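Q: Can you walk me through this model? I have the viewer open.

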Amino acid sequence: SATPATLSAISNGAKNGVLVKGGAAMESLNTMDILYSDKTGTLTLGDFTVLDYEVPDDVLNEVVYMEQQSNHPIANAIVAAFKDRTFKDIDTSEPVEEIAGSGVKKGAITIGKPSAFNGYLDKNHYLDKIAEENTTIIVVKDDGIVGYVSLSDQVRYEAIEAVSGFQKEGIQVVLLTGDNERVAAKVAKEVKVNDYVANCLPEDKINYILKSQRNKKVVGMVGDGINDAPALANADIGIAMGSGSSVAIESADVVIVKNDLAKLLYSYKLSSRLNRIIK
Ligand code: ADP
Ligand code: MG
């Protein structure tokens, strides 16, 4: 059972916006060697704006209908941007399937990240759009690309300071994102992480964690999405943003209630101090 000093550190952390679930997590937080971080909602606000788009009108209705069934920040932005759409011609009996870390699918229509459609990207006249430093999703109907939507998000300014704080403590911070290379590189540069990996699938995130663990590193992973939950469960210290999906929060050892990564740094320092007391 937890020592009084451990309980007191947990309570101090909680007052400062970080819920650490139990003594073991509080006592081991400061052993972290590497912190992997998701991008959307973690290093960025996860509050996208639609910049521009080109989608045939009838397909756009389908797109909005489909994104209504998803909780991804991109889906929320698309639903908000096209509020006045009509769904009267839509076959609502057809299920909408979410493809974790990739997009959504309903019947002949698939919406999602360009790298998921590598097979026919070369024939795509939206290639210029996809090459920009924005998050671009493409709309595919019957195996042909019929449109795109470009969106932008902003980095959380407090993440910049938190990342440099962790680095001062000797922790490597590495971005693992499902987004494209250009966006990943841009965010990595803005937040100044040690390294980044773009086009990650949920299982790729797990593989990076397992690889670091085989190299005897204590791994922290911070994320917010449903698709981050398996990675959070595999990390030595799984950390969820408070605004994250409930599965992410349940899979985590630590929850950053107000989504401020600087609070995690504070808790890390509490853990270091705690270990000086109890060891
Ligand atoms: P991140 O690593 O930035 O948190 P995710 O792994 O959640 O990103 O998603 C990776 C990519 O998959 C997004 O950048 C987007 O291109 C695509 N994607 C995921 N969910 C959706 C959705 N509901 N609609 C459209 N595209 C999606
Ligand atoms: Mg995410």
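The chat below goes through the chain, its domains, the ligand shell and one sheet.

Q: What kind of model is this, and how is it numbered?
A: This is a predicted model, where local features need pLDDT of at least 70 and side-chain atom pairs count only at pLDDT 80 or more, while totals for chains, interfaces and linings use all residues. Residues are numbered from 1 along each chain as its sequence is written, and chains are lettered from A and ligands numbered from 1 in the order in which they are written.

Q: How many helices and strands does the chain have?
A: There are 11 helices and 13 strands. Helices (H or I, at least four residues) and strands (E, at least two) are DSSP runs, numbered from the N terminus.

Q: What about the box and the radius of gyration?
A: Along the principal axes, the C-alpha atoms fill a box of roughly 65 × 35 × 30 Å. The radius of gyration is 20 Å, which agrees with the value near 19 Å for a compact globule of 279 residues. That radius is taken over C-alpha atoms, and the globule rule is 2.2 Å times the number of residues to the power 0.38.

Q: Which domains is the chain divided into?
A: Domain 1 (4–45 + 154–278) and domain 2 (49–152), with bounds that come from an automatic or database domain assignment. Their C-alpha centres lie 30 Å apart. The contact between them takes 14 residues from domain 1 and 12 residues from domain 2, where contact means C-beta atoms, placed from the backbone, within 7 Å. On the domain 1 side, helix H7 (residues 181–191) gives the largest share, three residues.

Q: Where does ligand 1 lie?
A: Ligand 1 lies between the two domains, because both domain 1 and domain 2 give residues to the shell around it.

Q: Which residues come nearest to ligand 1?
A: Thr-40, His-72, Lys-113, Thr-177 and Gly-178, out of 22 residues around ligand 1. A residue is near if its C-beta atom, placed from the backbone, lies within 6 Å.

Q: Which elements supply at least two residues of that shell?
A: Helix H4 (73–81) and strands E5 (103–106), E6 (109–112) and E7 (135–141) each do.

Q: How does the shell divide into nonpolar, polar and charged?
A: Five nonpolar, 12 polar and five charged. Ala, Val, Leu, Ile, Met, Phe, Trp, Tyr, Cys and Pro count as nonpolar, Asp, Glu, Lys and Arg as charged, and the others, Gly among them, as polar.

Q: Change of topic. What is the strand order in the open sheet?
A: The six strands run E3-E8-E7-E6-E5-E4, with antiparallel pairing; two strands pair if DSSP finds at least two bridges between them. Strand E3 (49–54) and strand E4 (97–99) are the edges, each pairing on one side only.

Q: Which helix packs on the sheet and touches E5?
A: Helix H3 (residues 57–68), which also touches E6, E7 and strand E8 (144–152), with its direction at about 65° to that of E6. H4 packs on the sheet too, touching E3, E7 and E8, at about 70° to the direction of E3. Axes are lines fitted to C-alpha atoms, for helices over the stretch in contact, and angles run from 0 to 180 degrees between N-to-C directions.

Q: How many bridges join E5 to E6?
A: Four. Gly-103 stands opposite Gly-112, and Val-104 has Ile-111 as its bridge partner. Two residues lie between the strands of that hairpin, where Gly-107 takes a positive phi near 55°.

Technical notes. Two residues are in contact if their C-beta atoms, placed from the backbone, lie within 7 Å.
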